[in-house]
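User: Please go through this structure with me, one question at a time. Keep the answers short and show the reasoning.

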Amino acid sequence: MADNPGITFERLPHPAPTDAAARVAALANPGFGSVFSDHMVTIDWEDGKGWHDATVRPYGPLSLDPATAVLHYAQEVFEGLKAYKQADGGLAMFRPDANAARFNASARRLAMPEIPEEVFIESCRLLVDTDRDWYPTVEGGSLYLRPFMIASEPFLGVRPAKKYKYLVIASPAGNYFKSNATTVSIWVCREHSRAALGGTGAAKCGGNYAASLVPQAEAIEHGHDQVVFLDAEEHKWVEELGGMNLFFVFADGRIVTPPLTGTILPGITRNSLLTLARDEGLDVHEERYSLQQWQADAASGKLVEAFACGTAAVVTPVGTLADHDGEIVIGSGGPGQLTQKFRDRLVGIQRGTIEDKHGWVMKLGF
Ligand SMILES: *Cc1c(COP(=O)(O)O)cnc(C)c1O
């Protein structure tokens, strides 16, 4: 590969790919995260040797020594991005350069090696190319890509590992939320925090998710879809959901999203929506917003819309906010006007039906 001197991908086609009938059945209703394509990418890294053995190979289990570092100390980072079918029938990725940059930022925080951005992007492109037949047929579908990296050295001492494995897997995706409800209901988490200042909240690492599971389970137990985390210091400021950023829309036209203080994951969807809002001259602010104010503004009608955003769920309206004291409906309780407009705008750019003014869409040429 001319533009990646030093890294050439070997391609090992699957000897017995999934039969067409089973694939077609899976693609009609893939849900989220449980169907995987026939291939995966693996690239190894070793201290002193760097990145090597880049391969597109049959999807399958890894064989790991029980002492492998990631299994003990959670040295792992990941990304999530999607390939979308364009109006012209070709496939494209949305802002993969931003995912590559964030992947490396996460890697630095977890004391892991960075991967050249062009290798990250090429690994995704090659997997989509190889498994393009796995693009879902369900309405609104996409091919979700999950690049990730694990510390693969078998060693129980506590220090950065000297060996890593980078992988990419692909999963045809339908609707992220199990219910087809058009809104999510949110439960306030008061007891636990997702991330603290100086911690790993801004890194996309599995450990953050492990810490979010008990609060998320509590939300489900109380009959809600998602948990909202508050800041760890004062338990006052709204941060984000377990895997999505939040926006608030006010009756006076103001739009607010919590600022990137280091405890919030810098979402690429969040960044894209901020850019689109500023393009339109909307009154948008990255500003702290307290839970108490959220509850008061929802009750008074000052707050007219709230929505969550992320690659998996795109833009999803928040219908209600609940805690032990009760539940408040946000705005109409359904998708608000601006929420719908942002969603349509973003989806339109991602799928090539709206002009891509910022060069966000990387057409893959197949
Ligand atoms: C991935 C993620 C997001 C959303 O980021 P996108 O780049 O928009 O997909 C938000 N919060 C957390 C905790 C995440 O892991």
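The exchange below covers the domains, their interface, the ligand and the salt bridges.

Analyst: This is a predicted model, in which local features need pLDDT of at least 70 and side-chain atom pairs count only at pLDDT 80 or more, while totals for chains, interfaces and linings use all residues. Residues are numbered from 1 along each chain as its sequence is written, and side-chain values use heavy atoms, with hydrogens and water left out.

User: How far apart do the C-alpha centres of domain 1 and domain 2 lie?
Analyst: The domain bounds come from an automatic or database domain assignment. This assignment places domain 1 at 3-173 and domain 2 at 184-350. The distance between their C-alpha centres is 28 Å.

User: Which three residues supply 36% of the area that domain 1 buries against domain 2?
Analyst: Buried area is the accessible area (1.4 Å probe) that two parts lose on being put together, summed over both. For domain 1 and domain 2 this comes to about 1600 Å², with 59% on carbon and sulfur atoms. On the domain 1 side, 36% of the buried area, more than from any other three residues, is supplied by Phe78, Phe94 and Arg102.

User: How many residue pairs are in polar contact across the interface of domain 1 and domain 2?
Analyst: A polar contact is a pair of N or O atoms within 3.5 Å; within protein, one must be able to donate a hydrogen and the other to accept it, and residues adjacent in sequence count only if both atoms are side-chain atoms. Salt bridges (a side-chain nitrogen of Lys or Arg within 4 Å of a carboxyl oxygen of Asp or Glu) number zero between the two domains. Residue pairs in polar contact, both at pLDDT 80 or more, number twelve.

User: What is the distance from a polar side-chain atom of Tyr209 to an oxygen atom of the ligand?
Analyst: The ligand is surrounded by 15 residues (a heavy atom within 4 Å), with Lys204 and Tyr209 among the closest. A polar side-chain atom of Lys204 is 2.7 Å from a ligand oxygen. For Tyr209 the corresponding distance is 2.5 Å.

User: Which residue forms a salt bridge with Asp44?
Analyst: The salt bridge count comes to 15. In the one formed by Asp44, the closest N and O atoms are 2.9 Å apart. Asp44 is in strand S2 (residues 39-46) and its partner in strand S8 (residues 163-173), 121 residues apart, with strands taken as DSSP runs (E, at least two residues) numbered from the N terminus. The partner is Lys165.

Notes: Helix = DSSP H or I, 4+ residues; strand = E, 2+ residues; numbered from the N terminus.
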